[in-house]
Amino acid sequence: QPLTLGLRPCAEANWLCLPDPFCAPDDAAARISSDIALRRELFTAHRQEIFQHATAAENAITELSGVIEENLSSYHPALNFQRFEGENQLVSAALNIVDDILLLAPASDAKGERWVLKAGFLAFPAHWSLADKMDRPIETIHAPVPGLNDRLGNHIGRFFDAMVTNTITKRRNWTIQIDNRLFALNRHDISGLSQNDIDTRCFVRVEDQRLRKLAGTGWIVFTIRTSLAPIAKWRNDMTALTELKDALSGLSEEMQAYRGVAAYRRPLFDWIDRQTAATKLSN
């Protein structure tokens, strides 16, 4: 099942506050600090959009807060865990890390065991709303993703049921985004996008995702570390650009629509072709 879902084992040391994969090692600590500062600014400006929780989540939130504080103390002591008095413990914990947090609760119904979103801190949404997903089972949450429930719906539920507490699994997801907003509730209208805009407006968005089950409550924690890099970073890497073009072309029409590929496909592909031609000329 882990292989089917694209998950691999993850060490405790690599659970939270991963370095930005696009960042030079010498700049990693500064990037983490700046991302945490951004999360705090965004929370002040967009509290209702970023934080949601049900009363039933309080025990799991208390447990998770302790697990996060212990992890930071052991593996990221330089971050100096800060408590935000008067705030929910999930908020207080989430403002100390670069990772977004979703908490899923087991809930029995006539169809068997289902996992339901009961709390979340989502400062860096990728074109979706936390409020819209609250109190919904994973099957409903995944419904907009073409074919996901048909292919993996049963696997995901069974994997969640069978997860061993406090073991961590990981996966990486990526998409193309036309702007550099980490707080991206909605997609911009990019109908006028041209290949001349790609250098400054086209970004690769990567999500390093982690799953773990809490030992006390048995709830599942889904964390997301989001990073952005301009596509121009790969301007001279023809292998990477060709692979990107092939990957986007290989998506089904439904998946291209879901990811918004149609809006940027032509100008991006024209830009890639232009870089390829320029590289051939220079050689």
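A polar contact is a pair of N or O atoms within 3.5 Å, where, within protein, one must be able to donate a hydrogen and the other to accept it. In this predicted model, the side chain of histidine 76 makes such an approach, reaching the backbone oxygen of leucine 16 at 3.0 Å.

**Histidine 76 and helix 3**

Histidine 76 is found in the loop between helix 3 (58-75) and helix 4 (89-94). Because buried means under 20% relative accessible area, histidine 76, with a value of 16%, counts as buried. Not counting residues up to four places away in sequence, histidine 76 touches Ala13, Leu16, Cys17 and Asn71, and Asn71 also appears among the buried residues of helix 3. The others on that list are Ala60, Ile61, Glu63, Leu64, Ser65, Val67, Ile68 and Leu72. At 1.5 Å a residue, the 18 residues of helix 3 should span 26 Å, and the end C-alpha atoms of helix 3 are 26 Å apart, which agrees.

**Loop residues**

The loop between helix 3 and helix 4 also holds asparagine 80, which is exposed, with a relative accessible area of 59%. Proline 125 lies in the loop between strand 4 (112-121) and helix 5 (130-133), and proline 125 is buried, with a relative accessible area of 1%. Leaving aside its neighbours within four places in sequence, proline 125 is in contact with Leu182, Phe183, Ala184, Leu185 and Arg205. The C-alpha atoms of proline 125 and alanine 78, which stand 47 residues apart along the chain, are separated by 27 Å. Histidine 127 is found in the loop between strand 4 and helix 5. The table gives the phi angles of two loop residues, each a positive value in a residue other than glycine.

| Residue | Phi |
|---|---|
| Asparagine 80 | near 50° |
| Histidine 127 | near 65° |

**The second largest pocket**

About 250 Å³ of space lies in the second largest pocket. Strand 6 (202-213) and helix 9 (238-249) each supply at least two residues of the lining of this pocket, and the largest share, five residues, comes from helix 9. The lining consists of Phe22, Trp174, Val204, Val206, Ile231, Trp234, Ala240, Leu241, Glu243, Leu244 and Ala247. By character, the residues of the lining divide into ten nonpolar, no polar and one charged. Because Glu is among the residue types that count as charged, the one charged residue of the lining is Glu243.

Notes. Residues are numbered from 1 along each chain as its sequence is written. This is a predicted model: local features need pLDDT of at least 70, side-chain atom pairs count only at pLDDT 80 or more; totals for chains, interfaces and linings use all residues. Side-chain values use heavy atoms; hydrogens and water are left out. On a 1 Å grid over the protein atoms alone, a cavity is a set of points where a 1.4 Å probe fits but cannot get out, and a pocket is an open set with protein on both sides within 12 Å along at least five of seven lines; lining residues have an atom within 4 Å of a point. Grid points are joined across faces, edges and corners, and a volume is the space filled by probe spheres set on the points. Helices (H or I, at least four residues) and strands (E, at least two) are DSSP runs, numbered from the N terminus. Buried means under 20% relative accessible area, exposed over 50%, partly exposed in between (1.4 Å probe, protein chains only). Contact means heavy atoms within 4.5 Å. The expected span of a helix is 1.5 Å times one less than its number of residues.
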